[in-house]
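Dear colleague,

I am handing over the structure we spoke about, and my notes on it follow below. Please read them with the model open beside you.

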Amino acid sequence: MTVLNKSFNTPYHTAPFSKIKSADYLPAFKKGIENAKAEIDAITANPEDPTFENTIEALDFSGEELDRISSIFFNLNSAETNDEIQKIAQEVSPLLSEFSNDITLNEKLFKRVKAVYDSKSTLDLTTEQETLLDKKYKGFSRNGANLPEDKKEKLRAIDKELSQLKLKFGEHILAETNKFEMLLTNEDDISGLPDGAKEAAKQLAESKDKDGWLITLDYPSYIPFMTYADNRELRKQLSIAFGRKGFQNDELDNQDIVLKIAKLRFDRAQLLGYKSHAHFVLEERMAQTPEKVTSFLNELLDKAKPAAKTEFKKLEDFAKDLDNIDQLQKWDSGYYSEKLKQKLFDLDDEQLKPYFKLENVIDGAFMVANKLFGLQFEEINTIDKYHEDVLTYKVTDSEGELVSIFYADFFPRAGKRNGAWMTSYKPQLIKEGVNERPHVSIVCNFTKPTKSKPSLLTFNEVTTLFHEFGHALHGMLANTTYPSLSGTSVYWDFVELPSQVLENWCYEKEALELFATHYETGEVIPMELIDKIKASSTFHEGMQTLRQISFGLLDMSWHGIDPSEIKDVKTHEVEAFGDTSLYPDVAENCMSTSFSHIFQGGYSSGYYSYKWAEVLDADAFEYFKEEGIFNKEIAHKFKTFVLSQGGTEDPMTLYKKFRGQEPKPEALLRRAGLVK
Ligand SMILES: [Zn+2]
């Protein structure tokens, strides 16, 4: 038996990373699956009549060991992977989908679940229990439990193929990102870059025994170059390299994979009696239908497009005046936007960065959580880490009770995928009267400290940290009985509310004064800079809104229809972007082939939810603003009705309990400066 199969004999039962060997995973998974199967067999073999407790509840608490192994393995496959781990993932994924299909297509089990479901009105269930019952029933019916045998078989085959294709999609993107390098040996070529970015590029070159400056497709390298490098030709090269991931007709190409994924998802939905994949997905969302999503996006498009066009025209004029640019291209967007922003607001990231030393920003997030929810964070070094860069904390409430264990992993590495995310190693749940607290983690790719400077965050990185920390709070403050309803286990178009709402504190004087102090002088960020941050926060909001809408519409274009008609990925994409594009198309580039959110992750038919959640967060934050951003009563309501509730109730109901009314889109448009 591997270390992963035993309950962990560690402080707080945290994952024993240092004791896990790669060779442990496969046997651990096999054993975990075997034990989970035995738990299911015990439910179906129960001679008593099916009840909520002996069937629904027993099912939700089953498979704890397997979940524990899966969390560790897949979290590491994202944050600290290598060829060996990726190979195991390829082997394990089909086993796991086979197992989960075995459950959802287990007729004996479904019979018991259905029996409880059909007698729902006679049972005296709590709201949480009723939600769990619905969720479990749908977990079967939406996975084919009501289908005849031959169709069930077909469904299993589709799911197996889908999970392999999604993994492959992601591996191609990671390989493309790691394989590209732009080595610059002429100092003129890095003109315009801030000192920190120059130094980082030099160190990266040194680390690979090269002379000069090395630029890569990792965000901390890519973004500063696109924003500041004066050499337009090199920006073009880098931008095209970034945009053609999975689109080079080689062994890492994703075009066929994209077409196959879209088609398989459609076939799956049809098999289950839905019109499209989007219809299937949205049944379990706050938005409910593709029509609702499309009209939501188009309504925003109406409001944002005129503003976006005006902004684009101004940017064109500016680039023409400054550098005699005749036609703005995608690789000019970051560069001239930054220059124009500097001109209008005299504010650049380099001015702000000294006030956002990583350690200070982390403390700031902790102070905000303390003022709002009474949480205390204490760094602990008694638990295992999967990499030396990871920070570990014990989180307690105002009474000193354990709330959560918190891992934070901030810097990029070769084995870490791009972006930032929150995840967990252990869910919160209440079993036999014991409230088991969760182990929550955030993973980011922030600017690393250099020999001469600590990690100084861009303002965007600051809001990213608060964003992921907001997700983390949703996980940490969870207070539900059943693990499948706990924390961030909510509808996708509700899950970004806690994360996005927390970003709002980064723009408030009262919050910034707590942590935004100069890393050398200790001086608090000047009021004048705070005013500028606020004034500039809606800069190019129209164009940015248009961009988000374009991704949402692209997503719906792949999933809201029968994709058999789509013969060419690029042609389809250009069409989908028809109403939303401002820049000329770049023939060498394709968004879909590296659109991991919808083809690898779980955002298919769900990209709109970022904007949807913005409506929620703008509306929620207006409530805080009305009463004071650290108002304890509002914070308490937010914790009681949103953060602690997970997915135990319909999200609109929860939101109304917090806010007293439904969210209004006007709050977003007001904050974005798109309406007065
Ligand atoms: Zn998020």
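How many bridges join strand S6 (residues 421-426) to S9, and do the two run parallel or antiparallel? The two strands are joined by 5 bridges and run antiparallel, with Trp421 standing opposite Val443 in S9. Please keep in mind throughout that this is a predicted model.

Strand S9 also pairs with S5, here in the parallel sense and again over 5 bridges, and in this pairing Tyr407 stands opposite Ser441 in S9. Because 5 of the 5 residues of S9 (residues 439-443) are buried, the strand is largely enclosed by the rest of the structure. The burial holds for both faces of S9, since His439, Ser441 and Val443 point one way, Val440 and Ile442 point the other way, and all are buried.

Ile442 leads on to the cavities, of which a search of the whole structure finds 2 of 30 Å³ or more. The largest cavity has a volume of about 40 Å³, and Ile442 lines it together with Ile362, Ala365, Phe366, Phe406, Ala408, Phe410, Leu465 and Phe469. The elements that give two or more residues to this lining are helix H16 (358-373), strand S5 (402-409) and helix H17 (459-476), and the largest share, 3 residues, comes from H16. By class, the lining of the largest cavity divides into 9 nonpolar residues, with no polar and no charged ones.

The second largest cavity holds about 30 Å³ of space, and its lining is made up of Leu300, Glu541, Thr545, Lys611, Glu614, Leu668, Leu669, Ala672 and Leu674. At least two residues of that lining are supplied by each of helix H21 (541-559), helix H24 (609-627) and helix H27 (666-671). In the second largest cavity the lining residues divide into 5 nonpolar, 1 polar and 3 charged.

Helix H21 appears once more in the second largest pocket, where H21, helix H13 (290-323) and helix H14 (330-345) each supply at least two residues of the lining. This pocket has a volume of about 250 Å³ and is lined by 15 residues, of which Glu311, Lys314, Leu344, Phe539 and His540 lie nearest its centre. Helix H13 gives the most to the lining of the pocket, with 4 residues, and the classes in that lining are 7 nonpolar, 5 polar and 3 charged residues.

The remaining item is the zinc ion, whose protein donors are His467 (NE2), His471 (NE2) and two OE atoms of Glu496, lying 2.1 to 2.8 Å from the ion. What is the spacing of the donor residues of the zinc ion in sequence? They are spaced H-x3-H-x24-E. Because His467 and His471 are 4 residues apart in helix H17, they are separated by about one helical turn, and both of these histidines are buried. As for the geometry, the angles among the 4 donor atoms run from 52 to 140°, and the site of the zinc ion is irregular. For reference, the ideal angle for four tetrahedral donors at a metal is 109.5 degrees. The site counts as irregular because a tetrahedral one would need all angles to lie between 85 and 135 degrees, a range that the span of 52 to 140° does not keep to.

With best regards

Key
Residues are numbered from 1 along each chain as its sequence is written. This is a predicted model: local features need pLDDT of at least 70, side-chain atom pairs count only at pLDDT 80 or more; totals for chains, interfaces and linings use all residues. Side-chain values use heavy atoms; hydrogens and water are left out. On a 1 Å grid over the protein atoms alone, a cavity is a set of points where a 1.4 Å probe fits but cannot get out, and a pocket is an open set with protein on both sides within 12 Å along at least five of seven lines; lining residues have an atom within 4 Å of a point. Grid points are joined across faces, edges and corners, and a volume is the space filled by probe spheres set on the points. Ala, Val, Leu, Ile, Met, Phe, Trp, Tyr, Cys and Pro count as nonpolar, Asp, Glu, Lys and Arg as charged, and the others, Gly among them, as polar. Donors are N, O and S atoms within 2.8 Å of the metal (3.2 Å for Na, K and Ca); water is not among the atoms, so sites may look incomplete. Four donors count as tetrahedral if all angles lie between 85 and 135 degrees; four count as square planar and six as octahedral if opposite donors are over 155 degrees apart and all others between 65 and 115; anything else is irregular. Buried means under 20% relative accessible area, exposed over 50%, partly exposed in between (1.4 Å probe, protein chains only). Two strands pair if DSSP finds at least two bridges between them.
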